[in-house]
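Here's a friendly walk through one protein model, taken a piece at a time. Have a look at the picture first, then read on.

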Amino acid sequence: MKTPLLILAFVVFAHASYAQKDTLYLSFEEAEKTFLQNNLSLVASKYNIDASTALIKQAKLWDNPVLLTDQTLYDGKFFRHSKLSDGSQVGEIYVQVQQLIRTAGKIRKLSTLATTNAHISELQFEQVMFNLRYTLKNDLYQSNQLLLSINLYEKENEQLKKLLTAMNAQLQAGNISQKDFLRIQSLQASTLQEQNEYRKQLSDVQSELHTLLQSIDHSFVKAILPTTIDITRPAADSVLAFAMQNNPDYLLEKANLLYSRNSLDYQRALRKPDVTVGVEYDKVNSYVPNYYGLTLALPLPFINRNQGNIASAAFTVKQQETLVNQRGFKLTNDINNALNKLQLNLDLQKSIDPDFIRKYDLLMQNAFNAYLQRQMNLLDFLDLFEAYKNTQLKYLQQQFNLQTAKEDINLLAGRDVIK
């Protein structure tokens, strides 16, 4: 469906604090590009991917060989190797080199664990990116909604200022009561207070936008929004299918399940002992002058067969399987809930006459003149003023709710299923 946005009615900024020269206009595409290039949270997450990827190379490396030597110590002298006058050798030379050989494919299984962990880091990066991107777009929508609300108050304050000027002249002439004049003054003070609250909210949103975009020039960030909202509710099955393939939260749980299964495989492999193989050379301390030998070390797995770690890893797999199922159920329910909210907003949007806001705006303009000319009493004017303000604010809120309902579905789907 297509509905004119209220932005057409408030295209000019009314307050000097939002001067055009201090405004940075960005399309959603430009905002996302700046966000992806500059956001430090994303940069930090990318480094985490690089760190995890480096561990894959480390996991594939063999253990270093071990060099062992045994030297004779006597007469307070170290490493003494020489021949006596009779030709006999003084001092033993003993050298041994050992290499640990991991069995049962432990290196391969460690590499698989590291690869899965790197994939988890990538999914965590996507999770951070999608959540921050969702915040960015909602902040742009909210900033626009708050700005239009402030401009609405600005228009009302300008009208009240003119009305008070005219009423003051009437008061001096004795044509109106002091009570009526004070009521309009009170209305203006209340309107200014409400406007100030919206300004505070807008300042908070702008601050968050500057953080997301890493902007340091403090320009007012304003999204270039389309003049119409064209949203069609997608089918629940298609959104769920996209979510099962793209939702970072769900994919992260599945990756954690894969990691726990790989960890179980590795713990089972640790039951089998590793073999240490070595060669040694011994001079002048054996039945032969120069001794060469082969060493072999093999732990006997009679007591410790890694039973506890295997059992713990097995329970972790069952736990993660439950979490994946729970995440799948939650994702399905969240998508159905988000689609229902979108439909409610679409139905409400459809029920609003696009021409109603324009007519109401004209009615309020005429009401100011009618009250000033004593053609409308004070109570009727105040009721109409309050009703007009609330109607306009609710309409702006409805526009914002419709956009956020759309972004909620895109976030759950893991991609923009609704443009």
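What follows covers a strand, a helix and a loop residue.

Keep in mind that this is a predicted model.

Let's begin with strand β7, which runs over residues 220–223. Are its faces covered or open? Both are covered. F220 and K222 sit on one side, V221 and A223 on the other, and all of them are buried. That fits a simple pattern: in a regular strand, side chains alternate between the two faces of the sheet. Strand β7 also has a partner, β2 (residues 23–26), and the two pair in the parallel sense over four bridges. One residue to look for is K222, the bridge partner of Y25.

Next comes helix α4, residues 178–213. How far apart are its end C-alpha atoms? They are 52 Å apart, and this agrees with the expected span, because 36 residues at 1.5 Å a residue should also cover 52 Å. Just after α4, Q214 takes a positive phi of about 55 degrees.

Finally, find R102 in the loop between β6 (93–101) and α3 (106–172). R102 counts as partly exposed because its relative accessibility is 29%, between the 20% limit for buried and the 50% limit for exposed. Setting aside neighbours within four places in sequence, R102 is in contact with D63, I107 and D274.

Here are two distances that involve R102:

| Pair | What is compared | Distance |
|---|---|---|
| R102 and D63 | side chains, polar contact | 2.7 Å |
| R102 and A269 | C-alpha to C-alpha | 9.7 Å |

In sequence, R102 and A269 are 167 residues apart.

Definitions and conventions: Residues numbered from 1 in each chain as written. Predicted model: local features only at pLDDT ≥ 70, side-chain atom pairs only at ≥ 80, totals over all residues. Heavy atoms only, no water. Buried < 20%, exposed > 50% of the residue type's maximum accessible area, 1.4 Å probe, protein only. Pairing = 2+ DSSP bridges. Expected span 1.5 Å × (residues − 1). Contact = heavy atoms within 4.5 Å. Polar contact = N/O pair within 3.5 Å; in protein donor to acceptor, adjacent residues only side chain to side chain.
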